[in-house]
Amino acid sequence: MKNNDQLHFKIFFSIGLIILLFSSCSDDKSDEIPADINTLACKNRPNKISFGDDTSTIIYNMQDKPIEITTKEYNQAAPTEQPVTTVFKIDYNAQGNVNKVSKFVANHLESSYGLEYNSGGKLIKQSEFNGQGALVASTTSQYDGNVLMSIATHKEGNSVDVTTIYQYADGNLIKKSIQNLYDLDSQEYYNADYTYTYFLDRESKIKTYFEGPLGLLFISKLSNQQSLQYLPNRADYQLYFAKETPSEKKMLKNIEIIAHRYTTHDTTNIKYSYEYDSDGFPTVQRGTYKNITRRYVPTPFGGSVFLVTPHNNTYERNTNYYCN
C-alpha cells in the first residue's frame with residue numbers, strides 16, 4: 001500500500017454531487033441536534049450528515065442541488081486536534097450539470113475542477129487547476145454507449161499517463177485495472193488491480209454525491225496519497241458518498257487491491273458490514289482493513305533499508321441524517 005501518487009483521477013459521470021461524512025449526534029464534538037433526524041425526508045435531502053466524528057453540512061439551490069458543502073474532518077490519529085474544515089463550492093451549467101467545483105481549505109482556494117460533457121450529458125473531460133489557476137492535470141473518459149469503459153489522466157510535466165480500465169457483471173463494477181501508478185520510494189511505475197464484491201440482496205438506498213468515477217476530490221485523490229489505498233486516508237469513505245460508476249447498485253461487501261510491485265503481489269483487503277433501519281438505509285458501517293506497507297526508509301548512516309509493515313485495522317461508525 002504505497003503511493004497511488006500519480007494522478008489517476010477519476011472523472012465523475014453524472015456527478016450526483018458531493019458530500020463527506022461525519023459526526024455522531026451522541027458525540028460531544030457535534031453541534032446542537034436539529035429537531036428532525038433520520039426521517040426519510042432527511043435521508044433523501046440531508047442538510048447535515050454525520051459519519052463517526054466527522055460532519056458535512058450542505059446548502060442547496062432552488063433545484064435542490066448542492067451548491068456548497070462544508071466538511072469537518074478529524075484526524076483519527078490525533079482526535080483532540082481541531083478538525084480540518086474544507087468548503088466545496090459547486091457551479092452548474094445551463095443543462096444542470098456540474099461544470100466547476102472549487103475547493104477551499106482554511107479559507108484559501110486550494111484547487112478547482114472544470115468539467116466538460118458530450119451531447120448526451122456524459123462527462124468526457126475533467127481538468128484540475130491549482131490555487132493560482134495553473135493546469136495541474138486533465139482526465140478524459142471513454143464509453144461504450146452509456147457505460148464507462150476507461151479513463152486516462154495526464155499530469156502536467158509527466159510523460160506517462162495513468163489509465164484505468166473498468167469491467168462489469170450483472171450491472172455492478174467488478175474490477176478496475178490501473179496502469180502506470182508511480183512509487184516514489186522505488187521510483188518505478190507499477191500496475192494495480194481492484195476487485196469488488198457486493199451484498200446482492202441489498203440495494204444501496206444512499207444518495208451519492210459526486211457519483212461516477214469522479215476522481216475529483218475523493219476517488220481520484222487516491223492517486224495523490226503516499227500509500228496505495230482505495231480512497232484518501234480512510235477506506236470507509238467510498239461506500240457512502242462516492243460511487244465509482246453509476247452501475248453500482250448494491251451495497252459494497254469487499255474490495256481487494258493487488259499492486260504488482262516489489263516483485264510481489266502487494267495485497268490490500270477491505271471488508272464491510274452494516275446495520276440497516278426500517279427504510280433500508282445503513283445506520284452503522286463496520287469494516288476491516290488489512291494490508292502490508294512496503295517502503296524504503298533512509299538510515300542515519302546513509303543509504304536506505306526496505307521495511308515491510310503489516311496492518312490490520314477495524315472500525316465502526318454510525319451515520320445520521322439531519323434536516324433544518
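**Salt bridges and buried residues, step by step**

Q: What makes the meeting of Asp 266 and Arg 261 a salt bridge?
A: In this predicted model, the side chains of Asp 266 and Arg 261 come to 3.3 Å, N to O. The cut-off is within 4 Å between a side-chain nitrogen of Lys or Arg and a carboxyl oxygen of Asp or Glu, so the pair qualifies.

Q: Why is Asp 266 called buried?
A: Buried means under 20% relative accessible area. Asp 266 has 1%, so the label fits. Its partner Arg 261 has 3%, and therefore counts as buried too.

Q: How do you know that Asp 279 forms a salt bridge with Lys 43?
A: Their closest N and O atoms are 2.7 Å apart, and the limit is 4 Å, so this is a salt bridge. The two sit in distant parts of the chain, 236 residues apart: Asp 279 is in the loop between β14 and β15, while Lys 43 belongs to helix α1. Asp 277 is linked with both in a network of salt bridges.

Q: Why is Lys 43 called buried, and why is Asp 279 called partly exposed?
A: Lys 43 has 3% relative accessibility, which is under 20%, so it's buried. Asp 279 has 30%, which falls between the 20% and 50% cut-offs, so it's partly exposed.

Q: What makes Glu 316 exposed?
A: Exposed means over 50%, and Glu 316 has 51%, so it gets that label. Glu 316 forms a salt bridge with Arg 286 at 2.9 Å, N to O. Glu 316 lies in strand β16 and Arg 286 in strand β15.

Key
Residues numbered from 1 in each chain as written. Predicted model: local features only at pLDDT ≥ 70, side-chain atom pairs only at ≥ 80, totals over all residues. Heavy atoms only, no water. Helix = DSSP H or I, 4+ residues; strand = E, 2+ residues; numbered from the N terminus. Buried < 20%, exposed > 50% of the residue type's maximum accessible area, 1.4 Å probe, protein only.
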